[in-house]
Amino acid sequence: MSTTAANWKPSFGPISGPFRGSLKHHQSEGLAWLLERPNAVLADDVGLGKTVQALAYIGELDAAGQLPRHGNSICRVLWITDAPLQSKDRAEVEKFLPDFTVATSLDPELRDSQKQRGIFKAKYGLGPDVLTVSYEWATSRRHWLAQVGRPALVVLDEAMKIKGGGIRFEAIELLTGRADRVLAMTATPYENNPMELYWLLRAARVPGLWGEGVFKNQFVEWEKREVTFGQWENRPVGWVESRLPEVRDLLSRVMLHRDVTAAGLTLPDVVRIERTIPLSPAQKQEYDAASQRQGRATLQAMDALSKAFRSDSPLIDALLVELHKRHRQQVVIYCELLFVLDLVEQELQTRGISYARIEGKVKEDERAAAVERFRSGEAQILLGSRVLERGLNLQHCRTLISLDVSWNPARERQREGRLRRIGSSFDAVEHVMLLPDTPLVAAKWAKLAIKRDQGQLAVGV
């Protein structure tokens, strides 16, 4: 299902602005759609080229005189993105809009909050045309950004970074409220519950959106759950189905969502292979304990928790079987848990299999170098954690192996989207899911199915 209005017809002609590049047919149609909407959400599926459409959009706005510099504004376009993608997005701007000046929050001039405005302006004069910053940086500097004028356009790349509301959403809403235009981009406009979609639409300032109280009370199903002993909270779990026609009507006007078929393209099919890996009772207990403490336990605690699992690892044995089947083929290996990632790395080292590893703590330049080793064929395996889910073009590879799953169906699709992209020479890509047989993993697998159904109801994802 597409949320494109059924009666909408593209009316866009040849590109006349400073954009240097070519657009596929669906991208030209997307550009025409965007030019008609000052506030919109571009939600094309993974791999369909949302960034290119956004850059062409910027170029056409510039040619039409719709990207003015307001007073002492620090930039004309404020591009907010996931932290690891800043350098990549800067390179894309420089490639497709070579006449534009572009800076990022990684630049030394923006690291000192006391001096940043003066030094930055001294280097860029009135400021760069495009300033690319991370969501974290924009949140911490929101008041400074709001004080130094207003941009003509705010682009929210990977826009579901604000899905949880809270201070990050409030910061982004402050900044988008000062812009002439807002473009939010995400391949996953529905991930866990309807409130996340609401925050996305509100940050994009789309017209016709209901007030927060109305949306919560009339459009969302809530469930009371016990958080800790004796403490309860209401959590959004799905849609009030009688109100879904109104939601779909709004989305048809403000959000462009196309899958591969709607875009008129042929991408590789995804062949999913699911294997349940039996564990001993002790291993099940240790594995789930490590899963629940991931991200908040010390390294020493994680090591202690996983000792029983490390002593005999059926999950790693199953991975080696899959790698043996694909002897000398390049493979992307995703690990949900960091201690499992360590186990895989140890096994690859023992067997002399070349690999490149990336995770959140790896610096951006080292991460880029690791990915290039994999792209060049120097490394047979690309091994990593959540950083494998966004911003990487790995269409030269045909096999992804995931050890465990997440709670979020959008993350599963993002991983697959690194391989299933325009330019792939494969008819199909494989996603092998090795699922430890534990209660927690079974609960995640069941929850994924429910969330997929809820996303399909309104958005078609």
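Q: What volume does the largest cavity have?
A: Happy to start there. Rolling a probe the size of a water molecule over the atoms shows where empty space is left. In this predicted model, the largest cavity comes to about 80 Å³. The search covered the whole structure and found 3 cavities of 30 Å³ or more.

Q: Which residues line the largest cavity?
A: Try selecting them in your viewer. The lining includes Ser 73, Ile 74, Cys 75 and Leu 78, and also Leu 145, Ala 146, Val 148, Gly 149, Arg 150 and Pro 151. Leu 175 and Arg 178 belong to the lining too. By character, the lining divides into 8 nonpolar, 2 polar and 2 charged residues.

Q: Cys 75 is in that list. Is Cys 75 buried or exposed?
A: Cys 75 counts as buried, because its relative accessibility is 2%, under the 20% cut-off. Cys 335 is buried as well, with a relative accessible area of 0%.

Q: How many disulfides does the count give?
A: A disulfide is a covalent bond between the sulfur atoms of two cysteines. Here the count comes to 0 disulfides.

Q: Which residues touch the most other members of the largest nonpolar core?
A: That core has 49 residues, and Val 41, Ile 80, Leu 131 and Leu 156 touch the most other members. Helix H8, residues 194-203, gives the most to this core, with 7 residues.

Q: What lies apart from that core?
A: Another core, of 32 residues, lies apart from it. Among its members are Ile 277, Leu 320, Tyr 355 and Val 432.

Conventions: Residues are numbered from 1 along each chain as its sequence is written. This is a predicted model: local features need pLDDT of at least 70, side-chain atom pairs count only at pLDDT 80 or more; totals for chains, interfaces and linings use all residues. Side-chain values use heavy atoms; hydrogens and water are left out. On a 1 Å grid over the protein atoms alone, a cavity is a set of points where a 1.4 Å probe fits but cannot get out, and a pocket is an open set with protein on both sides within 12 Å along at least five of seven lines; lining residues have an atom within 4 Å of a point. Grid points are joined across faces, edges and corners, and a volume is the space filled by probe spheres set on the points. Ala, Val, Leu, Ile, Met, Phe, Trp, Tyr, Cys and Pro count as nonpolar, Asp, Glu, Lys and Arg as charged, and the others, Gly among them, as polar. A disulfide is a pair of cysteine sulfur atoms within 2.5 Å. Buried means under 20% relative accessible area, exposed over 50%, partly exposed in between (1.4 Å probe, protein chains only). A nonpolar core is a set of buried Ala, Val, Leu, Ile, Met, Phe, Trp, Tyr and Cys residues joined through side-chain atoms within 4.5 Å. Helices (H or I, at least four residues) and strands (E, at least two) are DSSP runs, numbered from the N terminus.
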